Amino acid sequence: MSGPWEQIPLFGLPEATPPTSPDSAVAVQHSPVADATEADDAPQELDDETASDYGATETSVADDAADPVATPTPVWETLPVGEDADGHALIVTAAGTYTPSGRELTGPVDSVEKLDKLVRWAALTPLGAPPQVWIVGQGACEALGWVIDPGSEDDFDDMEALRTRAAADLTAVLQATLTPMLSAGWELRGDPGHVVHLSRSIGKFTSMVDVVIEPYVWTYWNKDFGWNNRVGEMGILGSPTAGTYLPDDDLPAARELGRRLAWSAKHLGVLPGPTPARTGAAIVDKIKRERTRSGKGIVVATAGPVPPLDGAPRGDLEPAVGWTRVPDEQDLEGTSRLVSIDQRAAYLASAGMLEFGYGQPQHLTGQAAAVAAVGDKGAPFGLWRITLPPGQTLSLPEKLPLPHPHMLADQPVQTWVTSVSLDGLCSPVADGGIGADLDDLDITEAWVYPQQCRVLDKWAKILREARKVSVDTDDEATKRFIGSCYKGYIGRMVNPDMWTAKQMQHHHQPLWRASIIAHCRWRGRRVAMRIAHEHSRWPIRTVTDSWVYLLADGEDIADPSEALGKMSVEKDVVLTDTLLSAFTSAQDVHDVNLAIKAAFADDELSEGDL
């Protein structure tokens, strides 16, 4: 066979098949999700029967010189492809099958029987997740009989209804066509969908493989993949709305997918999970296995559910802030720009900085709870029942939201807060707090954890260094993927339904998530106070870790540092007379939000906390 990816530049491949990673055997032995198959079930070369089935033998994809591409391509599509995912994943297109690095293995997979034979021959090994076979392009799906026709978008008022119908149709088609693989000894783990989870037991060993059907990934939407009626980030595949999805044509798409799989294997140490949140979890689990084997480092093996709280707040323990105010004459004087700043990778920065508690918490009441909050480095990790004083009784800035989302202006509020908020409230007003003493907060009850440390420091370091590689190489696709991984994982810490399997329950850590949100909120407030002191400018809106300001030409309020957690400019728009008039005539916060939305016309497509 000739090399079908030869038209793609910068895609030179070695002539020899790259060896399997020396860590593969260890990964198989110790992975909680996959074990090795027996050697006689996984020959290392195609036998004559298999080769004749596929009509081909192994050849290099880069046999011929590459022709230049006439149309401009995104920067990331011209980056070199690595070999780090070879031996862990395969890519199937209508034209044939390939390693992620691009070596052509076989001809078309035009039956489920051939897919079974390919999977068993390939003897793929796990890498933080079960081995993966990616089906790329509609043609490859048609060859396997995996075709659905849920209807047109024009026929549905609600895109969720179309997605639901498509997902049900896909499950039905797969259940009807997977019989040959099930007859060959494979078992389904759950209902098949955009990912078909397969396992096969041979003696005491169980091997697993995930078949990922790229054309139908859109049938699975959750907060990782999208919201409302639009498709958002789809894991390693990218985002159609952000322009980082795979190329339209099958072979360029397969090449770019192979690059991203290798990138994930190299820089994250794992294959990408079926969602970004699962990828974040896979990195945590890889670190956990390494520490368990070496006996070095902290290992958290149990869940950390919220303890039984008397008077627990409704909703999040530590809500993200959302606030808008009407600008006054001083805010509008001399302004010509609307600028949004946000914390660079805020959640990732906080996750690597904070000490998190684990183990069985101790319940304290009365004076014992108040005494426990006193520590040399602030309060120990835990939850504290305090009384927030009325905001109007404090000397607080009028042009900032109240220091804690549970606080009210005209009456005290008894509520539960994390240690991060306890320390934040005790900070001086100039640093964003209220300058409270612990006695002022009237601590009456607490749940304090016996152990605490920077549990996520190595996890955050891996993601931080991978993000830097993406930034340095202008690789927007993997940068956005990294953002989805840490935001998705931290976001899912709160939901036990995401982690029902016994080996996954330690990912349920709602207090860790609450602490991260609180830390980002207090850091943002501290920066707002710094900007007010240095520039005499106050925000007119804040949402999560983003702050919106009216500024004059030449004013720069962003942090000079490139470190994570520092404020960078997200949007900077010159105000037309019409937009400026909208702010001047605004009567309430609804008018202000409309004016901001009009100025930031692409606000819904904002990167947010990437």
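Good morning. Let me begin with R521, which touches E318, P319, V321, P403, H404, P405 and S421, leaving aside residues up to four places away in sequence. I should say at once that what we are looking at is a predicted model. R521 belongs to helix α15, which covers residues 510-535. Is this arginine buried or exposed? With a relative accessibility of 7%, R521 counts as buried, because the cut-off for that term is under 20%.

I turn next to helix α10, residues 346-353. This helix is mostly covered, with 7 of its 8 residues buried. The buried positions are A346, Y347, L348, A349, S350, A351 and G352. Which elements do they pack against? The partners are strands β11 and β12, the latter at 356-358, together with helices α13 (457-472), α14 (476-492) and α15. Helix α15 is the element in which we found R521.

Now to a sheet. Four strands form an open sheet in the order β13-β16-β14-β15, and their pairing is antiparallel. At the edges stand β13, residues 362-365, and β15, residues 413-418, each of which pairs on one side only. On average, neighbouring strands here are turned by 25° against each other, direction ignored. As a general reminder, strands of a sheet pair through backbone hydrogen bonds, in either a parallel or an antiparallel manner.

Within this sheet, I would draw your attention to β14, residues 382-388. This strand runs antiparallel to β15 and is joined to β15 by 6 bridges. Across that pair, L383 of β14 stands opposite T418 of β15. A helix also packs on the sheet: α12, residues 419-426, touches both β14 and β15. The direction of α12 makes about 115° with that of β15.

My last element is helix α17, residues 589-599. Its buried residues are V592, A595, I596 and A599. Why do these four lie on the same side of α17? They cover an arc of only 100° around the axis, and this places them on the same side of the helix. Their cover includes the strands β10 (322-324), β11 (337-343), β18 (541-543), β19 (546-551) and β20 (567-574), as well as helix α16 (577-584). Strand β11 has thus come up twice, since the buried residues of α10 also pack against β11.

Finally, consider the start of α17. There, a side-chain oxygen of D588 comes to within 3.2 Å of the backbone nitrogen of H590.

Thank you for your attention.

Methods: Residues are numbered from 1 along each chain as its sequence is written. This is a predicted model: local features need pLDDT of at least 70, side-chain atom pairs count only at pLDDT 80 or more; totals for chains, interfaces and linings use all residues. Side-chain values use heavy atoms; hydrogens and water are left out. Buried means under 20% relative accessible area, exposed over 50%, partly exposed in between (1.4 Å probe, protein chains only). Helices (H or I, at least four residues) and strands (E, at least two) are DSSP runs, numbered from the N terminus. The arc is that of the directions from the helix axis to the C-beta atoms. Contact means heavy atoms within 4.5 Å. A polar contact is a pair of N or O atoms within 3.5 Å; within protein, one must be able to donate a hydrogen and the other to accept it, and residues adjacent in sequence count only if both atoms are side-chain atoms. Two strands pair if DSSP finds at least two bridges between them. Axes are lines fitted to C-alpha atoms, for helices over the stretch in contact, and angles run from 0 to 180 degrees between N-to-C directions.
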